Amino acid sequence: DTGDFDIAVIGLSGRYPGASDIETYWDNLRSGKNSISEIPSDRWSWERYYDPTGGDGKSYSKWGGFIDDVSRFDADFFRISGTEATDMDPQERLFIEEVWRLLENAGYGGTRLSEESNPVGVFVGAMYGTYGQLGALSWHSGHWNHAQSSYWLIANRVSQYFKFRGPSMAIDTACSSSLTAIHQAMESLRRGESKVAIAGGVSLILDPRHHLRLSALHNLSKDDKTR
């Protein structure tokens, strides 16, 4: 309830550490399950960068919250070529997958929402884009690619694919990015710019330098508990 303007939440979807869907995530919360784990090998070898005392080029933490199988993507399903899919930031791939599931959850599978409810706005919070940096580093090894991490692509890809004609924007306000995206979606609905709005966020830790930087700032816990 926002005073004289009510907003109905008609669908929900998401993937989280230790939970491939909202139902599992809720069960984990109810049971008090700790979903923090050691850095999985498909991200990087934490042993190479770990030192409990910290120091240059090392992290005193080997822990984090990680989603499984972030490299998997059914490009054919979304009519995207294999080459283009490889160049897409996994955050972009993950977000469009979850939007598809969100629309199914809301009873608007495929492009039905764009046909019945225009304009539809897309608002996504994002704050880290390391995939493009990894792609640039691979050039030095002779692996040419067009990998990029442009936040606007996360939102615009969804709008283009589902034929949405409302506002389409990515928002980076650091740790508050997802909340800010939801706020902007509500304001768009209030102003009448959007009849329906999709709002959420995505954040994947793909590069060990991410962990090293946070360790240097003393932002990380030394074990699997948040302090």
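**Backbone outliers, a buried strand and a shared arginine**

Alanine 174 is found in the loop that runs between β4 and α8. In this predicted model, alanine 174 has a positive phi of about 60°, although the residue is not a glycine. With a relative accessible area of 38%, alanine 174 is partly exposed. A second residue of this kind is arginine 79, whose phi is also positive, at about 55°, again without being a glycine. Arginine 79 belongs to the loop between β2 (63-64) and α3. The relative accessibility of arginine 79 is 63%, so the residue counts as exposed, whereas alanine 174 is partly exposed.

From these loops we can turn to strand β3. This strand spans residues 120-125 and is mostly covered, with six of its six residues buried. Its side chains alternate in direction: Val120, Val122 and Val124 point one way from β3, while Gly121, Phe123 and Gly125 point the other way. Both sets are buried.

What are the neighbours of β3 in terms of bridges, and how do they run? One partner is strand β5 (residues 196-201), which runs parallel to β3 and is joined to it by six bridges. Within this pairing, valine 124 has glycine 200 of β5 as its bridge partner. The other pairing is with strand β4 (residues 168-171), where four bridges join the two strands, once more in parallel. Here phenylalanine 123 stands opposite methionine 169 of β4. Valine 124 and phenylalanine 123, the residues named in these two pairings, point opposite ways from β3 and are both buried.

The charged side chains come next. Side chains of opposite charge can pair when their charged atoms come close. Across the whole structure, the search finds 10 salt bridges. One of them is formed by the side chains of glutamate 84 and arginine 157, with an N to O distance of 2.9 Å. This pair links distant parts of the chain, since glutamate 84 sits in helix α3 (residues 82-87) and arginine 157 in helix α7 (residues 151-162), 73 residues apart. Which of the two partners is buried and which is partly exposed? Glutamate 84 has a relative accessible area of 34% and is therefore partly exposed. Arginine 157, in contrast, has a relative accessibility of 15% and so counts as buried, given that buried means under 20%.

Arginine 157 also meets glutamate 92 in a salt bridge, at 2.6 Å from N to O. This contact again links distant parts of the chain: glutamate 92 lies in helix α4 (residues 90-106) and arginine 157 in helix α7, with their positions 65 residues apart. In this pair, both glutamate 92 and arginine 157 are buried.

A further salt bridge brings together the side chains of glutamate 187 and arginine 190, at 3.4 Å from N to O. These two residues are three apart in helix α8 (residues 177-191), which means that about one helical turn separates them. Arginine 190 counts as partly exposed because its relative accessibility is 36%. As for shared partners, salt bridges join Glu84, Glu92 and Arg157 into one network. Arginine 157 meets glutamate 84 as well as glutamate 92 in that network.

How values were computed. Residues numbered from 1 in each chain as written. Predicted model: local features only at pLDDT ≥ 70, side-chain atom pairs only at ≥ 80, totals over all residues. Heavy atoms only, no water. Salt bridge = Lys/Arg side-chain N within 4 Å of Asp/Glu carboxyl O. Buried < 20%, exposed > 50% of the residue type's maximum accessible area, 1.4 Å probe, protein only. Pairing = 2+ DSSP bridges.
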